[in-house]
Amino acid sequence: MTSVETHLHTLAYFSRHAIDNCNSDVSVEIADILEVARRKNRAMGVTGALIYSNNYWAQVLEGPLDAVENVFESILRDRRHRDVTVLHFKPQATRSFADWSMAFAGISNGPATGLDIDGILANSTFLKSTDVGQTLIAMLLDLIAKQERDCGQN
């Protein structure tokens with residue numbers, strides 16, 4: 001295990017999409033976010049996954065503590081995010097998204113994908129549980145795997 005991996009941290013959060021302009025094209029914004037994130041994350045040793053669902057972002061970041069904090073601080077300053085809710089921020093032994101500088105789990109329209117962000121945010125007991133971050137990580141991994149299977153069949 002490298003020294004970077006010995007200091008691995010994972011951060012999972014939700015935020016509300018903050019662009020109210022009806023002319024805003026979410027898919028263009030996501031493409032821009034992914035292009036920048038993939039380039040910067042790779043250079044900083046950060047991996048993770050992102051999904052957009054019903055006007056919410058859900059994202060997991062993992063990597064060296066200082067790099068994860070740096071990326072998250074830039075997210076907090078990003079005009080596309082508001083009402084950021086950190087679900088999970090702690091050391092972790094291994095990466096869940098080791099193969100992706102920033103995987104994209106897709107644009108979801110709610111519970112049909114298994115990601116009901118409104119429901120999760122409304123459940124304060126669940127938000128305070130120690131499993132909430134791991135639940136989000138598992139959901140994103142499942143969505144990415146499904147997306148890869150679907151793309152492989154075409």
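Which residue is the bridge partner of S15 in β3? In this predicted model, that partner is W57.

**View 1. Strand β1 sits between two partners, β3 on one pairing and β4 on the other.** β1 covers residues 8-17, and 9 of its 10 residues are buried, so the rest of the structure largely encloses this strand. Its pairing with β3 (residues 56-64) is antiparallel and takes 9 bridges. The S15–W57 pair belongs to this β1–β3 pairing. With β4 (residues 81-91), β1 again pairs in the antiparallel sense, here over 8 bridges. Look for R16 on this pairing: the residue standing opposite in β4 is R82. As a rule of thumb for reading such a view, side chains in a regular strand alternate between the two faces of the sheet.

**View 2. Here are the rings of Y52 and W57.** W57, already met as the bridge partner of S15, also has an aromatic neighbour. Aromatic pairs in the model come to 3. In the one shown here, the ring centres of Y52 and W57 are 4.9 Å apart and the planes make an angle of 65°; edge-to-face pairs are those with planes over 60 degrees apart, so this pair counts as edge-to-face. Both Y52 and W57 are buried.

**View 3. Helix α2 spans residues 26-44.** Follow the helix from end to end: its 19 residues reach 26 Å from first C-alpha to last, close to the 27 Å expected at 1.5 Å a residue. Which residues of α2 are buried? They are V26, E29, I30, I33, L34, A37 and N41. When you scan that list, keep in mind that an α-helix has 3.6 residues a turn, so residues three or four places apart point the same way. Just past the helix comes G45, with a positive phi of about 80°.

**View 4. The largest pocket holds about 370 Å³ of space.** Its lining is made of 19 residues, and the ones closest to the centre are V36, A37, S74, I75 and D78. Elements giving two or more residues to this lining are α2, β3 and α3 (65-77). Which element gives the most to the lining of the largest pocket? That is α2, with 7 residues. A37 makes a handy landmark for this view, being one of the buried residues of α2 and among those closest to the pocket centre. Sorted by class, the lining comes to 10 nonpolar, 5 polar and 4 charged residues.

Technical notes:
Residues are numbered from 1 along each chain as its sequence is written. This is a predicted model: local features need pLDDT of at least 70, side-chain atom pairs count only at pLDDT 80 or more; totals for chains, interfaces and linings use all residues. Side-chain values use heavy atoms; hydrogens and water are left out. Rings of Phe, Tyr and Trp (its six-membered ring) pair if their centres lie within 6.5 Å; planes under 30 degrees apart count as stacked, over 60 as edge-to-face and the rest as tilted. Buried means under 20% relative accessible area, exposed over 50%, partly exposed in between (1.4 Å probe, protein chains only). Helices (H or I, at least four residues) and strands (E, at least two) are DSSP runs, numbered from the N terminus. Two strands pair if DSSP finds at least two bridges between them. The expected span of a helix is 1.5 Å times one less than its number of residues. On a 1 Å grid over the protein atoms alone, a cavity is a set of points where a 1.4 Å probe fits but cannot get out, and a pocket is an open set with protein on both sides within 12 Å along at least five of seven lines; lining residues have an atom within 4 Å of a point. Grid points are joined across faces, edges and corners, and a volume is the space filled by probe spheres set on the points. Ala, Val, Leu, Ile, Met, Phe, Trp, Tyr, Cys and Pro count as nonpolar, Asp, Glu, Lys and Arg as charged, and the others, Gly among them, as polar.
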